[in-house]
Amino acid sequence: MIIILFGPPGAGKGTQASALCEAYGVPQVATGDIFRAHLKNNTPLGQLARSFMNNGQLVPDEVVWKLVESRLSEPDCAGGVLLDGFPRTVVQAELMLSWVKESGLALSQVLALVVPDEELVERLAGRRTCLDCQASYHVQYNPPTVEGVCDRCGSHRVVQREDDSEETVRKRIATYHRETAPVLDFFKARGLATEVDGLGEIGDVAARLRQALQG
Ligand code: AP5
Ligand code: MG
Ligand code: ZN
C-alpha cells in the first residue's frame with residue numbers, strides 16, 4: 001500500500017509518520033530527510049539541495065524524481081511505502097502516478113493535513129530536530145523527555161533546522177501555496193485525497209489519520 005502524507009511545512013507530516021508506518025508496516029520515505037542526510041555528509045547532492053532548501057525553494061523535479069525512483073526500487077519498499085514531503089509539484093504527482101500504475105501497488109490515499117499558516121509559523125519557530133534520526137520536537141507542544149536529548153535515538157544533537165528561521169519559513173509557506181497546493185487539487189480531482197484537520201493534540205490528529213485511512 002502506498003500512503004502519501006501531504007501538507008504544508010510544519011503541518012505535522014514527520015510527527016505523524018512513524019506511528020502510521022508502524023501501524024501499516026511500511027517504511028517512511030521523506031525527501032526532505034534524504035536531502036538533509038546528504039547535507040550532513042556534504043555530498044554533491046546535499047550541496048545542491050541546500051541552496052534551494054535554505055531559500056525556501058523546491059529542489060528541481062528531475063533531481064527529486066531520480067532520488068525517489070531509486071529509493072522506491074529498494075527491496076524494503078516492495079510491499080508499499082509512506083511518502084512524506086513528496087510529491088510537491090504537479091509534475092512529481094504525474095510521475096508518481098505512472099510509477100504506481102507500473103508497480104502494481106495500490107495508492108490507498110493521499111492524506112492531506114490542513115493547518116492554517118499562522119499556526120505553521122508558530123510550530124516551525126519552536127521546532128527542534130534531531131540531527132541524527134530527524135525526529136521532530138517542539139519546545140512547548142512536544143518537548144523531548146530530557147531537554148536537548150532525542151527520545152528516539154538518544155542523540156544530544158537536537159537543534160533548530162537551518163531552514164526554520166522565520167524568514168525562510170515564510171518563503172517555504174509561499175512556495176507551498178504557489179507550487180504544492182495545486183497537487184492537492186490534482187489528487188482531489190481523481191478522488192484520491194482526504195483532508196484531515198491537523199489542529200489539536202498530536203494523538204487526536206493521529207486518530208483522525210487512521211480513521212481516514214480505514215474509511
Ligand atoms: P521537508 O523536510 O519535507 O520540510 P517541509 O515540507 O517544509 O515540512 P516540515 O518537515 O517542515 O514539516 P512537517 O509537516 O514534517 O512537520 P513536523 O512534524 O516536523 O522539506 C524541506 C525542503 O527540502 C523543502 O523546502 C525543499 O527545499 C526540499 N524538498 C523536500 N522534498 C521535496 C520535493 N518533493 N520536491 C522539491 N523539493 C523538496 O512538525 C512541525 C512542528 O510542529 C514540530 O515542532 C512538531 O513538534 C510540531 N507539531 C506537530 N504536530 C503538532 C500538533 N498537533 N500540535 C502542535 N504542534 C505540533
Ligand atoms: Mg518533516
Ligand atoms: Zn534522534
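## Burial and the model

A residue counts as buried when its relative accessible area is under 20%. The structure described here is a predicted model. By that cut-off, Phe186 is buried and so is Phe187.

## The zinc site

Four cysteines supply the protein donors of the zinc ion (ligand 3): Cys130, Cys133, Cys150 and Cys153, each through its SG atom. These donors lie 2.3 to 2.4 Å from the zinc ion. Along the sequence, the donor residues follow the spacing C-x2-C-x16-C-x2-C. Cys130 belongs to strand β5 (residues 127-130), while Cys150 is in the loop between β6 (136-138) and β7 (158-159), so this pair ties together parts 20 residues apart in sequence.

The arrangement around the zinc ion (ligand 3) is tetrahedral because its 4 donor atoms subtend angles of 104 to 114 degrees. For four tetrahedral donors the ideal angle at a metal is 109.5 degrees. Two of the donor residues can be placed by their accessibility: Cys130 counts as buried at 1%, and Cys150 is buried with a relative accessible area of 2%.

Gln134 lies in the loop between β5 and β6. Gln134 is not a glycine, yet its phi is positive, at about 75 degrees. Its relative accessibility is 19%, so Gln134 counts as buried, the limit being under 20%.

## Aromatic pairs

The structure holds 3 aromatic pairs. One of them joins Trp65 and Phe86, whose ring centres are 6.1 Å apart; the planes meet at 20 degrees, so the pair is stacked. Trp65 is in helix α4 (residues 61-72) and Phe86 in the loop between β3 (81-84) and α5 (90-103), so that the pair links distant parts of the chain, 21 residues apart. Trp65 is buried with a relative accessible area of 12%, and Phe86 is buried with 1%.

Another pair is formed by Phe186 and Phe187. This pair is edge-to-face, with 5.3 Å from centre to centre and 85 degrees between the planes. The ring of Phe186 also has the charged end of Arg190 over it, 3.7 Å from the ring centre.

## Around Phe86 and Gln92

Phe86 is joined to Pro87 by a cis peptide bond, with omega about -5 degrees. Pro87 lies in the loop between β3 and α5.

Gln92 is placed in helix α5. With a relative accessible area of 2%, Gln92 is buried. Its side chain reaches the backbone nitrogen of Arg88 at 2.9 Å. Neighbours within four places in sequence left aside, Gln92 is in contact with Asp61, Val64, Phe86 and Pro87. Both partners of the cis peptide bond, Phe86 and Pro87, are thus among the contacts of Gln92.

## Other residues

Asn42 lies in the loop between α2 (31-40) and α3 (44-53). Its phi is near 55 degrees, a positive value in a residue other than glycine. Asn42 counts as partly exposed, at 48% relative accessibility.

Ala206 is part of helix α8 (residues 202-214) and is buried, with a relative accessible area of 14%. From Cys150, a donor of the zinc ion (ligand 3), Ala206 is 56 residues away in sequence and 21 Å away in space, C-alpha to C-alpha.

Key:
Residues numbered from 1 in each chain as written. Chains lettered and ligands numbered in written order. Predicted model: local features only at pLDDT ≥ 70, side-chain atom pairs only at ≥ 80, totals over all residues. Heavy atoms only, no water. Donors = N, O, S within 2.8 Å, 3.2 Å for Na, K, Ca; no water. Tetrahedral: all angles 85-135°; square planar, octahedral: opposite > 155°, others 65-115°. Helix = DSSP H or I, 4+ residues; strand = E, 2+ residues; numbered from the N terminus. Buried < 20%, exposed > 50% of the residue type's maximum accessible area, 1.4 Å probe, protein only. Phe/Tyr/Trp six-rings, centres within 6.5 Å; stacked < 30°, edge-to-face > 60°. Lys NZ or Arg CZ within 6 Å of the ring centre and 35° of its normal. Polar contact = N/O pair within 3.5 Å; in protein donor to acceptor, adjacent residues only side chain to side chain. Contact = heavy atoms within 4.5 Å.
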